[in-house]
Amino acid sequence: MSTNQTMTKAQAGRAKRQLRSASPALTLTAALLGFAIITLDASVVNVALPAIGTELKSGLSGLQWVVDAYTLAFAALMLSTGAFADRAGASRAFGAGIAVFTLASAACGGAPNLAMLIGARVVQGAAAAVVLPASLALVRQAYPDAARRARAVAVWAAGGSVAVALGPVAGGALTTAWDWRWIFFVNLPVGALALLLLLRTPRSQSQPAPLDVPGQLTAVVALAALTFAVIEGGTTGLVALAVAILAGVAFKWIETRQAHPVVPLGLFRSRNVRVAVAAGAACSVAFYGVVFLFSLFFQQVQGRSALSAGLMFLPMTGLISVTNILSGKLAGRYGARLPMLLGQWLAVAGLLLLLSVDTSTPSAAVAVLLVPTALGCALTVPPLTATMMEAVPPERAGLAAGVLNSARQVAGGLAIAVFGALVGRGFEAGMRWGLAVSAVLFTTTAVATLRLRRPAGSS
């Protein structure tokens, strides 16, 4: 027997012993903690923006970058990080991602100025893009049995929903009780615990996975330049817009010639893929745009504290997990189209109701008016995700999930850029324009949903 064969058998034996000694529950907990903190950081910052602006002497455009630096790095790099996690191995990728995310959180919390904060947020977003696919891969690795794996993935997903619900409240509570910096410092013990639990996770095997570096780079340049153009405006904004267009053209040219493109453009030949991506983008525009607008409204217009503003979002976010479950049951019984239509039209109705809000509207009434939009988004997302997954071959499911989630994050980041530019010219008028844009987008995608091809999501 050759030395190589002996080493291979020894490695296989060690892997089996590791797997037997590992605790699936601890692996799931580590993955859930990682997914929860990266999800939390997408929304926890919004309520703290006025406090950040006051201490770091930033205007609205700087505060928009505090949110979008994270969101856009997360969205753009998520196109490639699934392949990176396969190449490095899920456990290594997850450990590296959590370690960098935790260190970047410390840098955010200790940032002496706005530039340092925005730079650290970019690093946070890049690390989060690695953690997301690696955490899900860890769950799949820990539960070989399909039934147990399905339950574990449901728990993992619920962790993200809870983090979304807690984001505004946690941001308000930490900012009011201590300081805005604690919305970042709170990640340190959670990240450390996730890394400790990872020690009980078996070492993942690396898999060959091609990386499309030119496509990824042009995607990053296009998205960053487009966001800069929207937020900054003026002459520099026009230059950035030209850069975004050139990078976008280069991206399309590269993707049509790559053997393994980061975004296979052929995916979009499917009508169901186009509808799912568009509806997902509309959900992100409405949800993240509304949280951004009304975080500022409650504090800067109505003069409420950060904690009070965060609590105003609790009726809106508290029902998301329950509605996700209801939506899944509806889709299982009636197909994806019905809950998608119900959700999108409910969101449109909620956005139209919010157009009536002005400075004299009681905060409690505004909190109630926020609920339909959130419930509409929560009804729409599970079936549109199922529609996307069913529209592609099984071997491309991971890639399709990355494209869908990246599109949603990009849409949320651009919504904050656009809505911030609108309210910068006059808050109430800008807020109404932002809500109207969201309602038009949802109306368009709801009409497109009527043309979903069956049996997308049908039982």
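This tour moves through a predicted model, stopping at a pocket, a cavity, a loop residue and a helix.

**First stop: the second largest pocket**

Select Leu-223, Phe-251, Val-263, Ala-407 and Val-410. Of the 14 residues that line the second largest pocket, these are the closest to its centre. The space within this pocket comes to about 390 Å³.

Next, colour the helices α10 (213-232), α11 (234-255) and α19 (397-423), the elements that each give two or more residues to the lining of the second largest pocket. The greatest contribution is from α19, with five residues. Colouring the lining by residue character shows 12 nonpolar residues and two polar ones, with no charged residue.

**Second stop: the largest cavity**

Keep α19 displayed and turn to the enclosed spaces. A search of the whole structure finds two cavities of 30 Å³ or more. The largest cavity has a volume of about 50 Å³. To display its lining, select Ala-42, Asn-46, Val-67, Thr-71, Tyr-288, Gln-409, Gly-412, Gly-413 and Ile-416.

Two elements, α4 (60-88) and α19, give two or more residues to this lining. Here too α19 gives the most, in this case four residues. The lining of the largest cavity divides into four nonpolar and five polar residues, and no charged residue is present. Helix α19 is thus a useful element to keep in view at both stops: it gives the most to the lining of the second largest pocket and the most to the lining of the largest cavity.

**Third stop: Thr-361**

Now centre the view on Thr-361, in the loop between α16 (337-354) and α17 (363-369). Is this residue buried or exposed? Thr-361 is buried, because its relative accessible area is 14%, and buried means under 20%.

Show the side chain of Thr-361 together with the backbone of Asp-358. A polar atom of that side chain lies 3.0 Å from the backbone nitrogen of Asp-358. Then add Gln-302, Ser-356 and Val-366, with which Thr-361 is in contact when its neighbours within four places in sequence are left aside.

**Last stop: helix α18**

Finally, select residues 371-390, which form helix α18. Place a distance marker between the C-alpha atoms at its two ends; they are 30 Å apart. At 1.5 Å a residue, the 20 residues of α18 should span 28 Å, so the distance in the model agrees with the expected span.

With the surrounding chain shown again, how enclosed is α18 by the rest of the structure? Of its 20 residues, 15 are buried, and α18 is therefore largely enclosed by the rest of the structure.

Notes
Residues are numbered from 1 along each chain as its sequence is written. This is a predicted model: local features need pLDDT of at least 70, side-chain atom pairs count only at pLDDT 80 or more; totals for chains, interfaces and linings use all residues. Side-chain values use heavy atoms; hydrogens and water are left out. On a 1 Å grid over the protein atoms alone, a cavity is a set of points where a 1.4 Å probe fits but cannot get out, and a pocket is an open set with protein on both sides within 12 Å along at least five of seven lines; lining residues have an atom within 4 Å of a point. Grid points are joined across faces, edges and corners, and a volume is the space filled by probe spheres set on the points. Ala, Val, Leu, Ile, Met, Phe, Trp, Tyr, Cys and Pro count as nonpolar, Asp, Glu, Lys and Arg as charged, and the others, Gly among them, as polar. Buried means under 20% relative accessible area, exposed over 50%, partly exposed in between (1.4 Å probe, protein chains only). A polar contact is a pair of N or O atoms within 3.5 Å; within protein, one must be able to donate a hydrogen and the other to accept it, and residues adjacent in sequence count only if both atoms are side-chain atoms. Contact means heavy atoms within 4.5 Å. The expected span of a helix is 1.5 Å times one less than its number of residues.
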